[in-house]
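Hi,

Here is the structure I said I would pass on. Have a look at it first, and then read my notes below.

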Amino acid sequence: MENRRDFIKKSALAGLGMSFSAASYARILGSADRVRVGIVGFSDRFRGALAPSFANHAKELNFEFVAVSDIWSRRRDEAQAYLKGKGYITDNFVKCRNNEELYDRKDIDAVIVSTADFQHALHCVEAVEAGKDAYVEKPFAESLDDARKALKAVEKNKKIVQIGSQRRSAPNYFAANDFIRSGKFGDISMVEMTWNVNQPGRWRRPKLVSEIRQEDTDWKRYQMNRPQTAWDPRKYLEFRLFYPYSSGIPGQWMSHQIDTVHWFSGYDHPRSVVANGGIYLWKDGRTNADTFTAVFDYGPDDDKTKGFQVTYHSRMTNEAGGTKELYYSNGGMINLDTNKITSEGGLEEKYAKEMGMKANLLTEQTLATTGEKMETSANTGADPMTSRHMRNWMECVRSRKEPNAPAKAGFNHSVANIMATIALHTGERVTFDSTKQEVLASGKVVKV
C-alpha cells in the first residue's frame, strides 16, 4: 500500500487527480475561526498583486498566511522575507519544499495558486483533493485534458474555487452584464477586443535566468505532465514565452476578455475560431507569438442563424490602441474602456421607419460610477479589481456560496483559449464538440 505522501507525489508528477477523501482532511470552520491560507508558488503575480489584495481584507475577515510551497529554495526564502517585512505573517510561518509537504500539514484551510500557466489546473486538483478551498490564477488550464480533470475534481469535492478572472468582481462589468441581460441593449452583433503593449521585457527574466541553479529546484516536478526535457532556466522562469508551458497571449491576456463574452452572452464556448500571428519583432528565442489575432463565431450550437462575431487582437510591439472591449448591437455600443453606453453607430430612427423596423434607441449613460479599468502594466499592484475579487473569494470561503468566477468559468475560457491556440498553430478552422468535450481542427479531433 502506498502512503498518502507517495500517492500525492505521483499525482503531482503525473498530473492526475488524487483519490483520498477530501472530507477527512478538511477542517470544519466556525464563523469566528481564523482561515489559514497556504501559498502555492511565490510568483511575481503573487508578490505584486495577490498578497497585497489579500492583506487588504485579511484582518477584517480573519484570514492569515501560514505557509508557502515553492520548489525553488530562493522563492521560499523570498516569500518569508517579503511577507514578514510587510507584517503579513508571524514567526510561525512555514516553508514547504513542495505541495505534498504543504498538504501533509493539518493547519491549512485554503490555498492561493499562482504558479506557471500550465500548472494551474493540476495544482487546483491537488488542492481540492486535499480538502482545501482555492484561489487559482488564470488561465485555468492550457490543455483540455487538464481542464476536464480540474473541473471534475472541483465539482466532486465541492470546494470553493475562485478563478483569477477579476473582471467578474468589478462594478462596471456587473452593470454591463445586467444591461445586456435586461434586453435593453438588444442582441449582441459583434465584439471587438484589443490588448496592446510595447514592453520589450514583458515576461523576460534575464537576471534570474542567469542566477537560478538546477540543484536549487526540482525541474522534473516543475514539468509535471509536460514532456520531460533537459534543464532550461528560461522555460522555468520565462515560461510565458514557450509552448506548451504557456500559450502566451491567449492564456495571459485573452482569457480575461473572452471570459466577459461568455459571461455577458451566456454561451460557454465559441462555435468556431480562426487565428493568425507570429514572432515579428522580439526574436529572442521565444516560441509564442508577439502578435496575435483571432476571430470567433459565437451562438447556439443548434441554430446557426443566431449569433455574433468576436475579433481579438493583441500585439507586444506597439501600444497604440491600448486595451479595448467594445460590444455592439444594432442600437449602439458598450465601451468598457470609457464605461459608457451610447447610441454611436446605432440604427437611426428615420432609416428604421423607412424599412418598417423599430429602432433600438439607446440613451447615453455611464455603466458604474466606480468603474475600473484593467491594469495592463507589467507590475499591476493590488489594483481595485483584484482586491475586490480576492475579497469575494474570502467571503465565499466563509459563506460557502459560489464565488464570482467559479471553476466552470475557468473551464470555459480555457476552451476558447485552447481553440484559438490550436487555430494559430495549425492554420485551420477550429470547432468544439460540447457533447463529447473535444476540440476539432478542420473536423478532426485534436488531442490536447
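What follows is a short tour of what turned up, sheet by sheet and then the odd spots.

First, the ground rules. This is a predicted model, so local features need pLDDT of at least 70, side-chain atom pairs count only at pLDDT 80 or more, and totals for chains, interfaces and linings use all residues. Residues are numbered from 1 along each chain as its sequence is written, and side-chain values use heavy atoms, with hydrogens and water left out.

How far can you trust it? The mean pLDDT (the predictor's confidence in each residue, from 0 to 100) is 91 for the protein, and 88% of the residues reach 70 or more. Residues 1-25 are a place for caution: pLDDT stays under 50 there, and the model gives this stretch 47 contacts beyond four places in sequence. A contact here means heavy atoms within 4.5 Å. Where pLDDT is low, the predicted coordinates should not be read in detail.

Now the sheets. Helices (H or I, at least four residues) and strands (E, at least two) are DSSP runs numbered from the N terminus, and two strands pair if DSSP finds at least two bridges between them. Strands of a sheet pair through backbone hydrogen bonds, either parallel or antiparallel.

One sheet is open and has 6 strands in the order 3-2-1-4-5-6, with parallel pairing. Its edges are strand 3 (94-96) and strand 6 (161-163), each of which pairs on one side only. On average, neighbouring strands in this sheet are turned by 25° against each other, direction ignored. (Axes are lines fitted to C-alpha atoms, for helices over the stretch in contact, and angles run from 0 to 180 degrees between N-to-C directions.) At one edge, strand 2 (residues 63-69) and strand 3 are joined in the parallel sense by 3 bridges, and Val68 stands opposite Lys95 of strand 3.

Another open sheet has 11 strands, ordered 14-13-12-11-7-10-9-8-15-16-17, and its pairing is mixed. Strand 14 (365-366) and strand 17 (444-446) are the edges, each pairing on one side only.

If you follow this sheet from strand 9 towards strand 17, here is what you meet:

- Strand 8 and strand 9 are antiparallel, with 7 bridges; Gly277 stands opposite Phe292 in strand 9.
- Strand 8 (residues 272-278) is joined to strand 15 (residues 430-433) by 2 bridges, again antiparallel; Ser272 has Thr431 as its bridge partner in strand 15.
- Strand 15 and strand 16 pair antiparallel over 4 bridges, and Asp433 has Glu438 as its partner in strand 16. Their hairpin has 4 residues between the strands, and Gln437 takes a positive phi near 55° there.
- Strand 16 and strand 17 pair antiparallel over 3 bridges, with Ala441 opposite Lys444 in strand 17. This hairpin has 2 residues between the strands.

Which helices lie across this sheet? Helix 11 (residues 249-265) lies across strand 7 (190-196), strand 9 (291-298), strand 10 (308-315) and strand 11 (323-329), at about 155° to strand 10. Helix 14 (residues 407-426) lies across strands 8, 9, 15, 16 (438-441) and 17, at about 55° to strand 8.

Next, some backbone spots to check. Most residues other than glycine have a negative phi, and most peptide bonds are trans. Here are some exceptions:

- The bond from Lys138 to Pro139 is cis, with omega near -5°; Pro139 sits in the loop between strand 5 (133-136) and helix 6 (144-157).
- Tyr243 and Pro244 are also joined by a cis peptide bond, with omega about 10°; Pro244 is in the loop between helix 10 (233-237) and helix 11.
- Asn62, which is not a glycine, has a positive phi near 65°, and its place is the loop between helix 2 (44-61) and strand 2.
- Ser442 is not a glycine either, yet its phi is positive at about 50°; Ser442 is in the loop between strand 16 and strand 17.

Finally, the empty space inside. A cavity is a set of points, on a 1 Å grid over the protein atoms alone, where a 1.4 Å probe fits but cannot get out, and lining residues have an atom within 4 Å of a point. Grid points are joined across faces, edges and corners, and a volume is the space filled by probe spheres set on the points. There are 2 cavities of 30 Å³ or more, and the largest has a volume of about 40 Å³. Its lining is Glu142, Tyr243, Ser247, Asn417, Ile418, Thr421, Ile422 and Val448.

Best wishes

Conventions: 1 Å grid on protein atoms, 1.4 Å probe; cavity = no way out; pocket = protein on both sides within 12 Å on 5 of 7 lines; lining within 4 Å.
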